[in-house]
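User: Please take a close look at one part of this model, the pairing of oppositely charged side chains. I am a first-year student, so kindly explain each term when it appears.

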Amino acid sequence: MKEKFIRFMYGRYGIDPLGKFTIAAGLITIVLSNFVHWRFLPLISWLFIIAAYYRMFSKNIYKRSSENQWYLNKTCRLRTFMRRQRNLLSQRKTHHIYTCPSCRQKIRIPRGKGKIEIRCPKCSTTFIKRS
């Protein structure tokens, strides 16, 4: 069975970030349609899912990859912001993150060192904070 599926998918585009987004959007609109009784919301959700499967099984790889590249270019800022926030959240366990009062540069200080004098590497301003 696995070999048949592999043979079937040979030469087809498969899943990519745009496909994942359309499937997630379809599932979210399906859940929303249970709470909000709009007439066309189930139709929109099915269109999202059908579009995702159409892209997944398409043999026009160049067109699908250019669509995905367009999507990645449009969402670059949002993805970068989310990645930075996730990184800062993971560092909060071991470090304090302060901003310089004069130049607004973020400075990472290890936790548990008591009151320390912090020197900004960008503008050389010093200030005292607890770590």
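Analyst: A residue is called buried under 20% relative accessible area, exposed over 50%, and partly exposed in between (1.4 Å probe, protein chains only). The model is predicted, so local features need pLDDT of at least 70 and side-chain atom pairs count only at pLDDT 80 or more, while totals for chains, interfaces and linings use all residues. Residues are numbered from 1 along each chain as its sequence is written, and side-chain values use heavy atoms, without hydrogens and water.

Side chains of opposite charge can pair when their charged atoms come close. Such a pair is a salt bridge if a side-chain nitrogen of Lys or Arg is within 4 Å of a carboxyl oxygen of Asp or Glu. This structure holds three salt bridges.

Let us begin with Arg55 and Asp16. These two residues form a salt bridge in which the closest N and O atoms are 3.0 Å apart. The pair links distant parts of the chain, since Arg55 belongs to helix α3 and Asp16 to the loop between α1 (2-9) and α2 (17-35), with 39 residues separating them. The helices named here (H or I, at least four residues), like the strands below (E, at least two), are DSSP runs numbered from the N terminus. On which side of the cut-off do the two partners fall, buried or exposed? Arg55 counts as buried because its relative accessibility is 8%. Asp16 is likewise placed among buried residues because its value is 6%.

The next salt bridge again involves Arg55. Here the partner is Glu67, and the closest N and O atoms lie 2.9 Å apart. This pair also connects distant parts of the chain: Glu67 sits in helix α4 and Arg55 in helix α3, twelve residues apart. Unlike the buried Arg55, Glu67 is partly exposed, because its relative accessible area is 25%.

Glu67 has a further partner, Arg64. In the salt bridge between Arg64 and Glu67, the closest N and O atoms are 3.0 Å apart. Both residues belong to helix α4, where three residues, about one turn of the helix, separate them. Arg64 counts as buried because its relative accessibility is 5%. Salt bridges that share partners thus join Asp16, Arg55, Arg64 and Glu67 into one network.

What else is found in the helices of this network? Helix α3 covers residues 41-57, and Ile44 lies in it. Ile44 counts as partly exposed because its relative accessibility is 38%. Helix α4 covers residues 61-74 and includes Ser65. Ser65 is also partly exposed, because its relative accessible area is 30%. How far is Ser65 from Gly19 in sequence and in space? The two are 46 residues apart in sequence, and their C-alpha atoms are 11 Å apart in space.

For context, the strands may now be considered. Strand β1 (residues 95-99) and strand β2 (residues 106-110) pair in the antiparallel sense over five bridges; pairing requires that DSSP find at least two bridges between two strands. Within this arrangement, Thr99 stands opposite Lys106, a residue of β2. The hairpin of β1 and β2 has six residues between the strands, and Arg104 takes a positive phi there. The phi of Arg104 is near 65°, a positive value in a residue other than glycine. Arg104 is located in the loop between β1 and β2, and it counts as exposed because its relative accessibility is 59%.

Ser124 offers another example of this backbone feature. Its phi is near 65° as well, again a positive value in a residue other than glycine. Ser124 is found in the loop between β3 (115-119) and β4 (126-130). It counts as partly exposed because its relative accessibility is 41%.

To return to your request, the charged pairs may be followed along the network from Asp16 to Arg55, from Arg55 to Glu67, and from Glu67 to Arg64. Asp16 lies in a loop and Arg55 in helix α3, whereas Arg64 and Glu67 both lie in helix α4.
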